[in-house]
Amino acid sequence: MRWVDIKEGFKEFLDEFKKEKTGIAGVILLIILVLVALTAPYTTIPNLPEKWRNSQYWEDNPKNVPPTWYNMFTSKKLVPQEIYYKDELKITQLNKNTTIIEVDYVLPENYYFGPQGIIVKNINVTLNSPYEVPTISVYLERPDGKTVPLLINKQLSSSLTVAVGRDSTISSNIYIWLVNVTEGREITMFEVPLETILISDMVAPLFAKVEPGMNVDDIIENPQPLPGTYKLILKIDNPAPDENKVIYDDIKVTFLGRTYGTMGTDYLGRDIWAGLIWGSRVSLTIGILVAVLSTIIGLIYGVTSAYLGGNADEFMMRINEIFASIPSLPILILIGATAGHITLWFIVVLLVIFGWMGIARIARSMALQIKEQTYIEAAKALGAGNGRIIFKHILPQLLPYAFSVIALSVPGAVIAEASLSFLGIGDPTAVTWGQILNAAQAQAATTKGYWWWVIPPGLGIAVVGLTFVLIGTALDKILNPRLRRL
Amino acid sequence: MGYLKYLAFRIVNAIIVLLIVTFIISALFVKVAEESNKSKMYEELMLWERSEGAKIKQSQGLEAFEQAKAAKQASLEEKYELNVPYWQKVYNKAVRTLKLDFGTTSMPIFGTNNVSDIIKVAVPRSILLFTTATIIVIILGIFLGVRAARHAGSVFDRALSIFALVTYSLPMWWTGMMFLLIFAYKLGWFPLSSMFDPQLTGWAHIKDVIWRLVLPVFTYVFVVFGGWAWTTRNIMIGTLQEDFIMAARAKGIPEHKIIYGHALRAAAPPIVTMIIFALLGSLGGAIISELVFNYPGMGRLYWVALQQNETNLLIGLTYFFTVLYLASVVLADMIYGFLDPRVKVGASARM
């Protein structure tokens with residue numbers, strides 16, 4: 001084959017491909033997917049796979065909340081995430097010992113719930129005199145004039161995180177306040193019903209109507225939102241300001257949203273959107289790699305078997321049958337479960353080992369026809385070796401077929417990888433769609449209605465699959481005219 | 001070469017493959033079992049050392065303790081079959097498996113320890129779910145595929161093709177999760193778990209089973225029938241272009257008779273092969289789909305066996321799957337050869 005022929009052939013192929021609308025759609029999808037995968041570190045969080053399993057990293061995110069745009073479709077509007085840094089806070093040095101930090105938070109009209117929680121962190125404390133530790137008190141001033149004491153005189157250290165909604169002491173304080181306002185009596189810490197404050201959402205009542213005479217359980221179960229401007233007040237007492245330094249430069253106050261980002265969060269507060277974008281990398285790499293490798297192996301195997309013929313052919317076909325008759329998914333699960341450390345490479349190898357048989361069979365039947373042609377006889381008569389005939393004369397004839405096979409077997413490989421990850425057998429250092437779905441299944445996301453956690457990863461798998469099916473069928477029509485159907 | 005000889009060749013071939021696969025499976029699983037048995041043995045030995053061993057050490061001295069420990073270890077090794085060489089064990093296991101003697105599980109599943117009995121409970125359930133679904137898929141797929149082939153290029157044909165391509169790219173278990181989300185969680189039409197209620201009997205039990213089956217069956221049909229219809233359509237379009245169809249049309253035979261009498265009959269061999277593989281494959285269940293729906297069939301059983309490290313059950317199930325696959329290969333070959341006389345000439349001419 002001369003270079004000019006190849007160029008001509010390629011041009012002809014391109015012209016034909018341009019006529020295939022589905023093929024063009026597939027190519028556009030593929031370009032978008034590749035761009036998304038390549039730019040993942042820049043469009044989302046860099047080095048996400050390292051952070052994905054570290055639950056501490058996601059501490060400042062709300063847990064199990066839908067995406068922000070969900071508000072457009074629901075009458076019960078839910079607040080988004082809001083973060084305040086030093087510049088957005090009002091810090092007043094009351095006197096030498098006391099500092100007051102104030103945060104204004106607005107709960108607009110029509111919003112059904114206040115934030116999921118409030119988190120204050122990154123106050124730097126240098127302790128030189130351990131007996132005069134600075135303390136912090138936290139209050140919430142509500143639009144109806146009532147003030148809720150959330151935390152009183154807690155010892156302050158650099159590692160301290162005030163977490164309204166996650167800290168049981170604070171939840172107890174809220175309960176005590178609720179009883180105080182509604183029933184007018186003071187209760188102690190020990191009278192707080194533990195199950196109630198541990199199981200129910202104790203933040204919603206903070207941002208709800210609380211009037212004397214109301215029932216505490218009613219407020220907790222069915223809070224009526226109270227819109228307006230809230231003020232979170234942090235009062236820090238430092239008895240020895242000269243020895244113990246408190247620095248507010250890094251302070252971060254987060255009002256956890258009831259909605260978050262583009263795709264919501266999962267049970268650890270992980271940003272599902274970032275996971276989705278990063279997941280495309282694994283899906284594309286594994287899908288393409290497995291498809292290419294198993295097609296190449298299958299083609300060479302099938303052609304060799306057909307060419308050698310006789311006993312060698314019989315033997316090779318028996319091996320093929322053995323691989324085909326071992327139930328692959330169970331064995332993959334077994335190997336994965338017993339192998340211990342699983343890397344993406346290992347998964348690729350496993351999927352290739354159990355994925356080349358069908359292609360080998362078809363390649364063999366095609367090669368059997370090619371083998372009978374006269375030019376092969378001629379090459380043999382001229383003394384060409386087996387390897388040369390297989391690689392130079394038979395395989396190139398199967399190449400057009402190979403391209404469509406590669407494209408069409410990508411979806412299978414993508415689904416196989418996702419299935420393994422879904423079963424918890426995947427590379428733990430990677431973020432994949434299967435793993436996101438695994439976590440969703442483990443946390444019973446479907447039975448709790450967390451749709452934003454279940455739908456997008458599967459759609460991702462489907463889009464990758466569809467992309468390659470579209471390209472594959474288009475290639476099939478052009479490159480294998482014998483199989484052309486309308 | 002005669003049909004019977006061809007058939008005999010295919011069966012002998014399948015049996016040889018089965019023997020080798022059984023051996024490979026045994027080798028794999030015995031290895032897994034060996035490791036877990038080893039750790040179990042050391043655990044037991046440690047326990048003994050701390051209780052009885054300590055007593056012997058105190059009363060009879062260190063030497064007696066070492067002796068007693070060696071004896072204990074030997075007896076434990078025998079108990080866990082660690083004194084038998086690896087290949088001997090593989091051979092034993094393979095032979096027992098071939099004789100359908102799968103042994104017992106360490107924990108009862110479905111109220112029994114016998115592996116054969118456990119499989120006997122699970123198989124009908126998978127048949128109930130997947131075979132029902134497969135039959136619906138076959139009927140729907142062939143009917144719609146033929147229709148699309150008759151009106152190739154029409155809106156219906158295009159819509160069906162797109163639907164087939166989309167569903168081909170969907171993982172079935174994810175679709176199951178979606179349907180659970182929509183029909184079970186949001187609309188509440190169906191139960192969230194397909195595990196049967198063991199308290200019910202008689203008519204109430206049947207109603208319960210049907211109600212729990214609807215969603216998994218619907219999921220399976222939804223994901224699979226598009227592909228069937230598409231393949232049928234492609235085969236039919238190829239057949240409809242052949243000369244004998246033209247001849248039939250020229251003779252003035254009614255169109256539906258041409259389609260169902262002539263074309264579909266000529267296109268039957270590949271379709272029949274597909275049907276056999278689909279029907280036999282349906283006995284095996286689908287691991288992840290059954291997990292998602294919490295359905296107590298073969299697939300979920302396999303998962304439970306893996307989780308609880310029940311090697312005997314795993315071997316039994318894997319063997320069952322392999323036999324099923326090979327049986328469908330032979331059956332498909334048999335019917336293919338029966339329907340299309342060209343095949344047996346092609347496949348066995350070089351024998």
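Modeller: Let's fix one term first: two strands pair if DSSP finds at least two bridges between them. Keep in mind too that this is a predicted model.

Colleague: Okay, so how many bridges join strand 8 of chain A to strand 11 of chain A?

Modeller: Strand 8 covers residues 135–141 of chain A, and it runs antiparallel to strand 11. In this pairing, S137(A) stands opposite K235(A). A pair needs at least two bridges. Here the number of bridges is seven.

Colleague: And which residue in strand 11 of chain A does I101(A) stand opposite?

Modeller: Strand 4 (residues 98–107) of chain A is joined to strand 11 (residues 228–237) by 10 bridges. Those two strands run antiparallel as well. Across from I101(A), in strand 11 of chain A, you'll find L234(A).

Colleague: Let's move on to salt bridges. Which residues are linked with E59(A) in a network of salt bridges?

Modeller: A search over all chains turns up 22 salt bridges. In one of them, the side chains of E59(A) and K121(A) meet at 3.1 Å, N to O. The network links E59(A) with D60(A), K121(A) and K252(A).

Colleague: How many residues apart in sequence are the parts that E59(A) and K121(A) tie together?

Modeller: The salt bridge in question has E59(A) at one end and K121(A) at the other. E59(A) sits in the loop between helix 4 (48–52) and strand 1 (77–78) of chain A, while K121(A) belongs to strand 6 (residues 117–121), so the pair ties together parts whose separation in sequence is 62 residues.

Colleague: Is K121(A) buried or exposed?

Modeller: Its partner E59(A) comes out as partly exposed, at 26% relative accessibility. The cut-off for buried is under 20% relative accessible area. K121(A) has 16%, so it counts as buried.

Colleague: What about chain B: what separates K120(B) and D117(B) in helix 4?

Modeller: The side chains of K120(B) and D117(B) meet in a salt bridge, with 3.8 Å from N to O. K120(B) is exposed at 58%, and D117(B) is partly exposed at 33%. Because they are three residues apart in helix 4 (residues 115–150) of chain B, the separation is about one helical turn.

Colleague: And are D208(B) and R212(B) buried or exposed?

Modeller: D208(B) and R212(B) form a salt bridge, with the closest N and O atoms 2.8 Å apart. They are four residues apart in helix 7 of chain B, which means about one helical turn between them. As for accessibility, both D208(B) and R212(B) are buried.

Colleague: Now the two chains together. How many salt bridges does the rule find across the interface of chain B and chain A?

Modeller: There is certainly contact: 42 residues of chain B touch 46 residues of chain A. The area buried between them is about 4000 Å², with 77% from carbon and sulfur atoms. Polar contacts come to seven residue pairs. The count of salt bridges across the interface, though, is zero.

Colleague: Which helix gives the largest share of the side of chain B that touches chain A?

Modeller: Several elements give two or more residues to that side, including helix 1 (3–60), helix 7 (202–240) and helix 13 (311–339) of chain B. The largest share is 10 residues, and it comes from helix 1 of chain B.

Colleague: Staying with chain B, what distance separates the centres of domain 1 and domain 2?

Modeller: The domain assignment splits chain B into domain 1 (3–100) and domain 2 (117–308). Taken over C-alpha atoms, the distance between their centres is 42 Å.

Colleague: Does K89(B) count as buried or exposed?

Modeller: K89(B) lies in helix 3 (residues 86–98) of chain B. Leaving out residues up to four places away in sequence, K89(B) touches V30(B), E34(B), E81(B), L82(B) and V84(B). With a relative accessibility of 10%, K89(B) counts as buried.

Colleague: Last one: which residues does A367(A) touch, not counting residues up to four places away in sequence?

Modeller: You'll find A367(A) in helix 12 (residues 357–371) of chain A. A367(A) has a relative accessible area of 1%, so it is buried. With those up to four places away in sequence left out, the residues touched by A367(A) are V303(A), A306(A) and I394(A).

Methods:
Residues are numbered from 1 along each chain as its sequence is written. Chains are lettered from A and ligands numbered from 1 in the order in which they are written. This is a predicted model: local features need pLDDT of at least 70, side-chain atom pairs count only at pLDDT 80 or more; totals for chains, interfaces and linings use all residues. Side-chain values use heavy atoms; hydrogens and water are left out. Buried means under 20% relative accessible area, exposed over 50%, partly exposed in between (1.4 Å probe, protein chains only). Contact means heavy atoms within 4.5 Å. Domain bounds come from an automatic or database domain assignment. Buried area is the accessible area (1.4 Å probe) that two parts lose on being put together, summed over both. A salt bridge is a side-chain nitrogen of Lys or Arg within 4 Å of a carboxyl oxygen of Asp or Glu. A polar contact is a pair of N or O atoms within 3.5 Å; within protein, one must be able to donate a hydrogen and the other to accept it, and residues adjacent in sequence count only if both atoms are side-chain atoms.
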